[in-house]
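Here's a quick tour of a single chain, going from the overall fold down to a few charged side chains. Have the viewer open while you read.

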Amino acid sequence: TMRVIVNRIWQQHFGKGIAATTSDFGRLGLAPTHPDLLDWLVNEFVEHNFSIKHLHRLILTSSAWQQSAHHPNATRQASIDPGDNLLWRSRIRRLSAEQIRDAMLTSSGELQQITGGPSVDAKTPRRAIYVKSFRNTPDTFMAAFDTANGLQSTSERTSTTTPVQSLLLVNGDYPLGRAKKFADRIAESYSSSEQQIVAATEMAWGRQPTADELQSSLEFLEAAVSEQSEASLVASTDDPTGPGG
């Protein structure tokens with residue numbers, strides 16, 4: 001039982017358990033890739049009074065979890081370990097539906113930083129773990145990004161890549177609403193275009209923009225402002241009550 005618990009917590013952080021078949025742990029499932037590591041973690045878990053917090057802290061402060069996804073000898077390593085099981089780099093993982101939603105609310109500045117309390121409607125800007133889940137009417141946005149099925153136990157989520165996901169992020173009401181709030185937040189706090197681009201990149205991606213990104217973004221903004229000015233001029237010229245009428 002302790003091995004099953006530890007294996008599932010490992011899966012949560014690494015995307016795959018030490019024994020990949022987390023719901024079929026035993027003789028019929030796949031063998032652990034690192035059995036000694038699994039046993040050591042189980043001993044730590046038991047000796048610290050079954051503290052899940054201790055286990056999380058132990059994993060997240062390990063060098064294995066803190067690795068980069070980029071490796072200087074990736075081609076050679078991949079030829080040795082094509083299944084990416086030996087933990088020689090960090091696995092590239094998709095954000096979950098909840099993480100995508102919470103990240104947008106964080107960038108837009110809308111996320112309510114409170115904990116606890118009753119569940120809320122999906123339109124309430126609280127973390128996704130507090131959003132009500134209706135089995136018969138799943139949230140459209142969350143469902144598109146493979147949220148867990150509320151009708152059955154889900155040991156591992158599916159990870160799909162579909163056109164609907166891209167279209168939803170570009171045209172969906174919820175993402176467009178967060179983008180508008182994000183733009184308002186940037187415009188209210190920073191005056192120059194360069195400051196706005198730097199701030200937006202830091203808030204959304206957690207890093208400074210590269211020189212090329214900054215330059216292309218400035219050119220994009222200049223083109224957008226010019227296009228908007230031309231459209232306004234044409235509209236005023238066509239209006240007989242306007243300056244050109």
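What follows covers the fold first, then the surface and charges, then the salt bridges.

Keep in mind that this is a predicted model.

**Overall fold**

The chain is helices and no strands: 10 helices against zero strands. Reading along the sequence just gives you α-α-α-α-α-α-α-α-α-α. The radius of gyration is 24 Å, well over the 18 Å that the globule rule gives for 245 residues, so the chain is more spread out than a compact globule. Along the principal axes, the C-alpha trace spans about 85 × 45 × 35 Å.

How much of the chain is buried? Buried residues make up 25% of the 245 residues. As for contacts with a separation of 6 or more, 44% of them are between residues 24 or more positions apart.

**Surface and charge**

The accessible surface adds up to about 16600 Å², and carbon and sulfur atoms own 55% of that. On the charge side, there are 23 positive and 27 negative side chains, with the centres of the two sets 12 Å apart.

**Salt bridges**

How many salt bridges does the count come to? The count comes to eight. Here are three of them, with their closest N to O distances:

| Pair | Closest N to O distance |
|---|---|
| Glu98 and Arg157 | 2.8 Å |
| Arg127 and Asp102 | 3.9 Å |
| Asp184 and Lys180 | 2.9 Å |

Start with Glu98 and Arg157, whose closest N and O atoms are 2.8 Å apart. Glu98 sits in helix α5 (residues 97-108) and Arg157 in the loop between α6 (140-144) and α7 (163-171), so this pair ties together parts that are 59 residues apart in sequence. Is Glu98 buried or exposed? Glu98 counts as buried because its relative accessibility is 18%, and the cut-off for buried is under 20%. Its partner Arg157 is partly exposed, with a relative accessible area of 36%.

Helix α5 comes up again with the salt bridge between Arg127 and Asp102, where the closest N and O atoms are 3.9 Å apart. Asp102 is in helix α5 while Arg127 is in the loop between α5 and α6, so the pair ties together parts that are 25 residues apart in sequence. Asp102 counts as buried at 14% relative accessibility, whereas Arg127 is partly exposed with a relative accessible area of 41%.

The pair Asp184 and Lys180 is a within-helix case, with a 2.9 Å N to O distance. Both residues lie in helix α8 (residues 173-189), four residues apart, or about one turn of the helix. Asp184 counts as partly exposed at 28% relative accessibility.

Which residues do salt bridges with shared partners join into one network? They are Arg101, Asp102 and Arg127.

**A look at Ser217**

One last stop is Ser217, found in helix α10 (residues 211-238). With 26% relative accessibility, Ser217 counts as partly exposed. Ser217 can also be placed relative to Arg101, a member of the network above. The two are 116 residues apart in sequence, and their C-alpha atoms are 25 Å apart in space.

Notes
Residues are numbered from 1 along each chain as its sequence is written. This is a predicted model: local features need pLDDT of at least 70, side-chain atom pairs count only at pLDDT 80 or more; totals for chains, interfaces and linings use all residues. Side-chain values use heavy atoms; hydrogens and water are left out. Helices (H or I, at least four residues) and strands (E, at least two) are DSSP runs, numbered from the N terminus. The radius of gyration is taken over C-alpha atoms; the globule rule is 2.2 Å times the number of residues to the power 0.38. Buried means under 20% relative accessible area, exposed over 50%, partly exposed in between (1.4 Å probe, protein chains only). Contact means heavy atoms within 4.5 Å. Accessible areas come from the Shrake-Rupley method with a 1.4 Å probe; for residues, only the protein chains shown count as cover. Lys and Arg count as positive and Asp and Glu as negative; His and the chain ends are not counted. The place of a charge is taken as NZ of Lys, CZ of Arg, CG of Asp or CD of Glu. A salt bridge is a side-chain nitrogen of Lys or Arg within 4 Å of a carboxyl oxygen of Asp or Glu.
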